[in-house]
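Biologist: I've never looked at this one before. Could you walk me through it?

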Amino acid sequence: MEIENARDLVDAGHGAIVWTAETGSGKSTLLDQAVDAVEDLGHVVVRSSAQVAPTDRGPGRAVESLVAQVVAATGVAVADRLVEALDIAAPTYPYLPEVAAAALGEYLKDALADRTLIVVADDIDRIDALSRAVAVAAISQRQARIVLLGTATSSDDFGRLPYDVRTRPLPRVDGTDVLRLLRANDAGPVAPSVAAHLARELHGNLVCILEAAEHLDADQLAGARLLPDPLPAGAAVHAALEPAILALDETERRALLIASVSVVNRTDVLVAAADCPVEVVTDGRLADCLGLVSGRFRFVDPRVRSLAHSLASLQARTAAHAALAVAHAAAGDDLLSAWHRALSSLEGDPTVVRPLLDLAVQHLRQGEATWAHEVAREAINHASDAERPHAYELAGAAAHCAGHVVDAVSWLRRAARTGDVQVRSRTLMPLTSALTLADDQVPDDVVTRGLAEAQDGRVTDGDRFAIARGLTMAAALHVERGSATTARELMGEAERLCPGEGWDSGLQLAQTWMAAYQVDDADLPRSSGGPPDHEGLLCAARAVAVARTGDCGAASRMLASFIAELAPVRSDERWLDGPQRSVTPIVEAHLRVAQALVEFWSGDLRRAATILANAAFRLPVGLVWAGTASALARRLDLLRSGAVGVLAESLESTSAGTSAPPMRIGGLVDRALSAAFLGRYGEAATLLQLAAERERRDEVRALPLAGLDEAETWALVGRREAAVAAYERLETTTRCLPPELRQAVRDRSAAAVALPEESPAACERAVASSWALDSAFERARTEMTVGRVAIRDGRTAEAHGHLRAAQELFEEAGAPACVEVAAHALAGLTASRAPAQESDGAGDPLPVGVSAPEATAVSTEEWMEPLTERERDVARLVVRGLSNREVAERLFLSVRTVEVHLGRVFRKLDVRSRVELTVLAHGG
C-alpha cells in the first residue's frame with residue numbers, strides 16, 4: 001500500500017511522503033523498495049547526503065548536493081542568474097529560503113523538461129533545517145515536478161508542513177514481512193506462525209527480529225520446538241528501551257519484573273505481589289510501560305517484558321516468582337501458586353508435581369497446548385522416578401498438540417522407554433503421529449512393536465484399546481500418503497484387538513479418514529461424542545468427505561458450526577481465562593485447512609486464501625493433511641497472482657510432507673501452470689502428463705486441487721493425438737470428483753479435442769454441463785476453453801462472448817491471474833478481428849491449437865527476435881507493468897538476475913527505459 005502511494009505521488013509529479021518509525025523498524029527498506037518501484041520510469045533520481053555526520057556538513061549543503069546531482073544527471077548547468085540565489089551554503093546567504101526554493105524550481109523546470117525529480121532522503125531529520133525548508137518550499141511552489149520520498153525517526157522535527165508534504169507512521173510489519181526479512185537474511189526455514197509471533201512480540205522492529213532469530217535454533221524457527229518465553233532481548237531491544245527501564249525506581253522496577261513473569265494480567269495480583277500502592281502502577285512512570293484497563297494490565301510494548309526479564313538477576317526473578325506464589329495462594333489460585341513455587345525453587349520441589357500435571361491437563365482441555373507443554377516440562381524437573389513417565393507422556397502429548405513435533409518425539413520416546421506398560425500403550429498414538437509429522441514417514445516399526453506388545457497376556461483391555469487407537473491413527477496417516485493396502489491391514493489388526501462396539505471412537509476416526517480419501521467407498525460413520533480434539537478431527541474429515549460428494553455448502557456449514565463452538569480465540573496474555581472446552585492447535589489446523597479446501601472446491605478462491613493465510617500465521621497448518629496446506633497455498637498463489645508467494649514457500653520448507661502425494665503431484669501441476677501463464681503450453685502439457693502418471697501409481701488419490709486440463713493443454717499445442725489420449729484417460733482420472741464436476745470436466749475436454757465440424761455441439765454440451773456447477777471458477781474454466789475452441793475454429797463473435805464470461809467468472813472467483821489470461825485472450829481476439837472487418841467483415845481464424853495469448857505474442861514477436869528465451873520471459877512481464885520484484889517472484893528468479901536480464905534487453909533493443917520498451921512492444 002505504501003509503495004502504491006509512492007507510485008501515485010510520482011505519477012502526480014509533486015508532493016512528499018516521509019515515513020516515520022523508530023530505528024530498526026524497516027523504514028529504510030521500505031524507502032528502497034519504493035524507489036525500486038519508480039526509478040525505472042525515466043525520471044531523475046537523486047539522493048540526499050543525510051547519512052554524513054552533521055559536523056561535516058554545514059547548513060544548505062544538502063541542497064548544494066542535490067543541484068550537483070541534477071547537473072550530472074541532465075547535463076544542464078545552473079543559469080548564471082540563479083547561482084547566487086541557490087548558494088544557500090554561503091555563510092552570508094542574504095535571502096529567505098523561499099527565494100532559494102523559487103530559484104531551485106526555475107532551474108529544475110528547465111533541466112528536467114517533462115520528467116520528475118525524485119529526491120530520496122533517508123533519515124531526513126538529520127538534514128540541516130535550512131535545506132529541509134528549501135526543499136519543502138520548492139515542492140509547495142510547484143514550479144517543477146518534484147517528489148520527495150524520505151524517512152525520519154519522528155515527525156516532531158518538521159513543524160507545520162504544507163498539505164502536500166505528508167509524514168506517515170510506518171505500518172507495523174506482519175508475519176509475511178518477517179518471512180521475507182528472514183529469507184533475505186538466510187535464516188533458513190521459518191514457520192509462518194513463528195514469524196507472526198516474532199512480529200508481535202518484538203513490536204515489528206526488524207533489527208530486533210533479526211537479533212532474536214539468531215538466538216533461535218533451526219527447529220524453533222521451523223515451529224518444531226517450543227520457543228523461549230519471553231524471547232531473548234538483543235542489543236536493539238536494550239538500545240531502544242533500556243533507558244526508560246533504568247529510569248524507574250527500585251519499587252517500580254520490582255513491580256515491572258513481577259508483571260513480566262506473571263502468567264495472568266490481573267492488576268490486583270500484581271499489586272499484591274509487588275506489595276506496593278496501586279498508584280505506583282497507575283500514576284507513576286510505570287504507567288508508561290503498562291497499560292491498565294478494567295482491572296487488567298498489558299505491556300504497551302511487548303519488548304519491555306523481555307527486557308525486564310533480561311535485566312533482572314536470577315535472584316530477583318526467583319523472588320518475583322515467590323511473591324506471585326504467595327499472592328495467588330492468598331487469592332485461592334492453588335494451581336497458579338504451584339507454578340510460581342516451582343519456578344522459585346532452585347533445588348526442586350516434589351510437592352508441585354501433581355498440581356503442575358493437573359494444570360497441564362486443564363490447559364489441554366482448554367486447547368492451550370503450548371502452555372500445557374511448558375507446564376508439563378517444568379513438572380519433569382521436579383518429578384520423582386515414579387512420576388516422571390506420566391510427566392513425559394503429558395509433555396509429549398501437549399507438544400504434539402501444539403505442533404512442536406521435535407519436542408513431542410523426544411518426550412514421547414522417553415515415555416515409551418519406561419517400564420510402565422500403560423504409559424507405553426497410551427503413547428503409541430501420539431508418538432506415531434508425531435514421528436510421521438516430523439519425518440513424513442509412518443513409523444511402521446513403532447506400530448509393529450506396539451502390536452506385538454498387545455499380544456502379551458499381561459496387558460489390560462484398556463492397554464489394548466490404546467494400542468488399537470495407535471493402529472487406527474497409523475491407518476489414517478497411511479491413507480493420507482496414498483497407501484490403502486497398509487491402512488486396511490492396520491484396521492483389520494485393530495478390529496481383532498478390540499472386537500465389538502465398545503471402542504468405536506478409534507474406528508470412527510480411521511473410517512472417516514478413509515471416507516474423506518474415498519477408499520473402498522467407505523461409509524461415513526456417525527459421531528458418538530468424545531473429547532473436543534476427537535470430535536474436531538471427525539468434523540474435519542466428515543466435512544472433506546461431504547464436500548467431495550459435491551455438497552460444499554453442507555460441508556462449509558458443518559465446519560463453521562463446529563469452529564464457532566470449540567475453536568478458541570487464542571490469547572498469549574493470560575492463563576485459565578478462556579472457554580473450558582476447546583480444540584488444540586493441531587486439531588484446529590485440520591479444521592482450518594479443511595475449511596480452506598471446501599471454499600476452494602466451491603469456487604471461492606479469495607475466501608480460501610484468506611482462511612488459509614489467517615490460519616497459517618497462528619497454527620501448524622503445514623503439518624496436517626500430508627502437506628495439503630502447502631500445496632493449496634501454492635495453487636492459490638498461482639491462480640490469484642501467477643507466482644508462488646512467501647507464505648506458500650514457508651509452508652513448504654517447514655513441512656515434512658514433501659514426498660507426500662499433494663506435494664509431489666501438486667508441484668508438477670504448479671510448474672505447468674507457471675509455464676502456461678507464459679504461453680509455453682508444450683512444457684505445461686508434458687508436466688501435466690508426468691503428474692497424471694505419478695498419480696496413477698498411488699493407491700489413494702490426493703485431495704484434488706484444480707489446475708489445468710491436460711487434454712486442452714495438448715490441444716493448444718496442436719498435438720491432437722496426445723489430447724485425445726488424455727481425454728480417454730479421464731474415465732480413470734476423474735473418478736475422485738463429484739458427479740457434476742466429473743461430467744463438466746469430461747465435456748470441457750471433449751470440446752477442446754473436437755474436430756471443427758463437431759466443436760459447436762461439443763461446446764454447447766460443455767457450457768450446459770457447467771451450468772450445473774456452483775463453482776464460478778470451474779464455470780470460468782469451461783467458458784475459457786469454449787472461447788479458445790471458438791477462436792481456433794474461426795467463430796470470433798461467439799468466442800468474444802465466452803471469453804468475456806470467463807473473465808467475469810474468474811473475477812467473481814477471486815483469481816486475478818486467470819482474469820488476466822482471459823483479458824489477454826480478448827485483446828488478442830480484438831486485434832485479430834480488426835483487419836478482417838476492414839476487408840470482408842469476417843474474422844481470420846487463428847492457427848489450430850494456438851490460444852489468444854499466444855496469437856498476440858506471435859503478432860508482436862518481431863521485436864523480441866534478438867532476445868534469448870529467458871530475456872523474452874522477463875520482457876513480456878515488464879511490458880505488462882510488473883516490477884522487477886514481481887517478475888522475479890513469477891519466474892522464480894532473484895531480483896538481481898531479473899535486473900541483469902532486463903539490462904541486456906535494453907541494450908539489445910536499444911531502449912533506455914521500461915516506458916520505451918513498452919512502446920516498442922506495442923508497435924511504437
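**A first walk through the model**

Biologist: Let's start somewhere specific. Is Asp407 buried or exposed?

Modeller: Asp407 counts as buried, because its relative accessibility is 11% and the cut-off for buried is under 20%. Keep in mind that this is a predicted model.

Biologist: What does Asp407 form a salt bridge with?

Modeller: Its partner is Arg225, and the closest N and O atoms are 3.5 Å apart. That pair links distant parts of the chain, with the two positions 182 residues apart. Asp407 sits in helix H21 (residues 405–416), while Arg225 is in the loop between helix H10 (218–221) and helix H11 (235–246).

Biologist: And how does Arg225 count, in terms of accessibility?

Modeller: Arg225 counts as partly exposed, at 25% relative accessibility. So here a buried Asp407 meets a partly exposed Arg225.

Biologist: How many salt bridges turn up in the whole structure?

Modeller: The search finds 49 of them. One of the others joins Arg781 to Asp709, with 3.0 Å between the closest N and O atoms. This pair also links distant parts of the chain, 72 residues apart: Arg781 is in helix H39 (residues 776–792), and Asp709 is in the loop between helix H34 (681–696) and helix H35 (710–717).

Biologist: Are Arg781 and Asp709 buried or exposed?

Modeller: Both are buried.

Biologist: Got one inside a single helix? Where do Arg496 and Glu493 lie?

Modeller: They're both in helix H25 (residues 484–497), 3 residues apart, which is about one turn of the helix. Their side chains meet in a salt bridge at 3.1 Å, N to O.

Biologist: Why would that spacing suit a pair of side chains pointing the same way?

Modeller: An α-helix has 3.6 residues a turn, so residues three or four places apart point the same way. As for accessibility, Arg496 counts as exposed at 57%, and Glu493 is partly exposed at 25%.

Biologist: Which residues are linked in a network of salt bridges?

Modeller: That would be Arg634, Arg635, Glu652 and Asp670.

Biologist: OK, new topic: strands. What does E1 pair with?

Modeller: Strand E1 (residues 14–20) pairs with strand E4 (residues 146–152) in the parallel sense, over 7 bridges. Gly15 stands opposite Val147 there. E1 also pairs with strand E5 (residues 165–169), again in the parallel sense, over 5 bridges. In E5, Thr167 is the bridge partner of Val18.

Biologist: How many residues of E1 are buried?

Modeller: 6 of its 7, so by the under 20% cut-off for buried the strand is mostly covered.

Biologist: And along E2, which side chains point to which face?

Modeller: In strand E2 (residues 44–47), Val44 and Val46 point to one face and are buried, while Val45 and Arg47 point to the other and are not. In a regular strand the side chains alternate between the two faces of the sheet.

Biologist: Which strand do the bridges join E2 to?

Modeller: Strand E3 (residues 117–121), running parallel to E2, with 4 bridges between them. Val46 stands opposite Val119 in E3.

Biologist: Back to helices. How far does H27 reach?

Modeller: Helix H27 (residues 532–548) reaches 24 Å from its first C-alpha to its last, close to the 24 Å expected for its 17 residues. 16 of those 17 residues are buried. Just after H27, Gly550 takes a positive phi of about 110°.

Biologist: How many disulfides are there?

Modeller: A search of the whole structure finds 0.

Biologist: Why doesn't Cys289 bond to Cys276?

Modeller: Because their sulfurs are 14 Å apart, too far for a bond, and Cys276 holds the closest cysteine sulfur to Cys289. Cys289 counts as buried, at 7% relative accessibility. Cys498 is buried as well, at 9%.

Biologist: Last one, the surface. Which residues form a nonpolar patch there?

Modeller: Leu41, Val915 and Val919, with about 220 Å² of accessible area together. Val919 is in helix H46 (residues 914–921) and is partly exposed, with a relative accessible area of 45%.

Key: Residues numbered from 1 in each chain as written. Predicted model: local features only at pLDDT ≥ 70, side-chain atom pairs only at ≥ 80, totals over all residues. Heavy atoms only, no water. Patch = residues over 30% accessible without salt bridge, like charges linked within 9 Å, V, L, I, M, F, W, Y side chains within 5 Å. Areas by Shrake-Rupley, 256 points an atom, 1.4 Å probe, with all protein chains shown as cover. Salt bridge = Lys/Arg side-chain N within 4 Å of Asp/Glu carboxyl O. Buried < 20%, exposed > 50% of the residue type's maximum accessible area, 1.4 Å probe, protein only. Pairing = 2+ DSSP bridges. Expected span 1.5 Å × (residues − 1). Disulfide = S-S within 2.5 Å.
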